[in-house]
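Q: Can you walk me through this structure? I'd like to start with the ligand and then get to the helices.

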Amino acid sequence: MDILKTISQMQKWSKTKKKESKTICFVPTMGYLHQGHISLMEKGKSLCDELVISIFVNPAQFGPNEDLDTYPSNIENDLLLAKKAGVTAVFLPNKDIIYPENFQTEIKLQELPQFLCGKFRPVFFSGVTTVVTKLFNIVMPDIAVFGQKDYQQLQIIRQLVMDLNFDIKIVAGDIIREQDGLAMSSRNAYLSISQRASALCLSKSLHMARDMVDQGEKNPEVIKLKMETFIGTFAETNIEYINFCDPETLEDINVIESETLLAIVVRVGETRLIDNTLL
Ligand code: AMP
């Protein structure tokens, strides 16, 4: 497994593989890898000859009061896991490589970032789309895999690829969960034992919503009220949003009559947890 720290090293690596007619799959990450990331790598590995991951905690996607400085990191373990998953190259740049002095460009979508998480994290998606654009130009993959756990991000990347004509196929990976249902996340490491128990309110409330829809409930407001009451019974929880929306446009829906995205964000203590399901 090659470890590449500069842009020219990474680009040279990819160009060499392309000359050898190898196809390249790419999984961007912020590190502190868990089984969710690994599942994306396994998916990628099955689709291409070469598997590249990036590990980069992107400062541009963190707001001023967010957890950039405390974001968990364990590069040594990440490299072991990546190697085991069959990764053939890790792009491991530092901040100054990605954002050199006098960096000026921002890539920003008009519509999709206005919904869901974008309302609460105003710089997040432009940070994501800017860095992903750069990473696509640096790694030059044929395929890139993104997790459905960050559903809005996945939709935004799909739109970005379409709008900017990247010749890259975007593949979605399922949400990987702990045995008790909690969606895996690097941020779960922040949770105390009691907060870890409270964090189950996300997956459990999504489950409850699915059951209500299965039983014929079509009114999002009725379901939302039940979810809010249920989540309120868990200690240290604070709902940021519960949204029922169109899975393509992310616009709110008033009646559940076709496939609907139910997306939820809850703060457990200081930790912001996200989850979603398609109804
Ligand atoms: P991150 O390192 O959190 O930026 O995530 C990198 C990629 O892993 C993104 O495409 C995420 O959507 C994906 N991911 C994170 N958690 C999970 C999970 N539990 N299941 C599947 N994919 C995930």
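Q: How do the residues of the shell around the ligand divide into nonpolar, polar and charged?
A: There are 8 nonpolar, 6 polar and 3 charged ones. Here Ala, Val, Leu, Ile, Met, Phe, Trp, Tyr, Cys and Pro count as nonpolar, Asp, Glu, Lys and Arg as charged, and the others, Gly among them, as polar. This is a predicted model, where local features need pLDDT of at least 70 and side-chain atom pairs pLDDT 80 or more, while totals for chains, interfaces and linings use all residues. Residues are numbered from 1 along each chain as its sequence is written, and side-chain values use heavy atoms, leaving out hydrogens and water.

Q: Which residues come nearest to the ligand?
A: H37, G147, D150, I176 and M184, out of 17 around the ligand (near means a heavy atom within 4 Å).

Q: What does D150 do there, in terms of polar atoms?
A: One of its polar side-chain atoms sits 2.6 Å from a ligand oxygen.

Q: And which backbone atoms are by the ligand's nitrogens?
A: A polar backbone atom of I176 is 2.9 Å from a nitrogen atom of the ligand. For M184, a backbone N or O atom lies 2.8 Å from a ligand nitrogen.

Q: How much of the ligand does the protein bury?
A: 92% of the 480 Å² that the ligand exposes when taken alone (accessible areas by the Shrake-Rupley method, 1.4 Å probe).

Q: Which element gives the largest share of the shell?
A: α2, with 3 residues (helices are DSSP runs of H or I, at least four residues).

Q: Switching to helix packing: how do α6 and α7 cross?
A: The axes of α6 (residues 124-139) and α7 (residues 151-163) come within 11 Å and cross at roughly 50 degrees. The axes are lines fitted to C-alpha atoms over the stretch in contact, with angles from 0 to 180 degrees between N-to-C directions. So α6 and α7 are oblique to each other (not under 35, over 145 or 65 to 115 degrees).

Q: What about α9 and α10?
A: Helix α9 (residues 200-214) packs against α10 (residues 220-232) at about 150 degrees, axes 10 Å apart. That makes the two roughly antiparallel.

Conventions. Polar contact = N/O pair within 3.5 Å; in protein donor to acceptor, adjacent residues only side chain to side chain.
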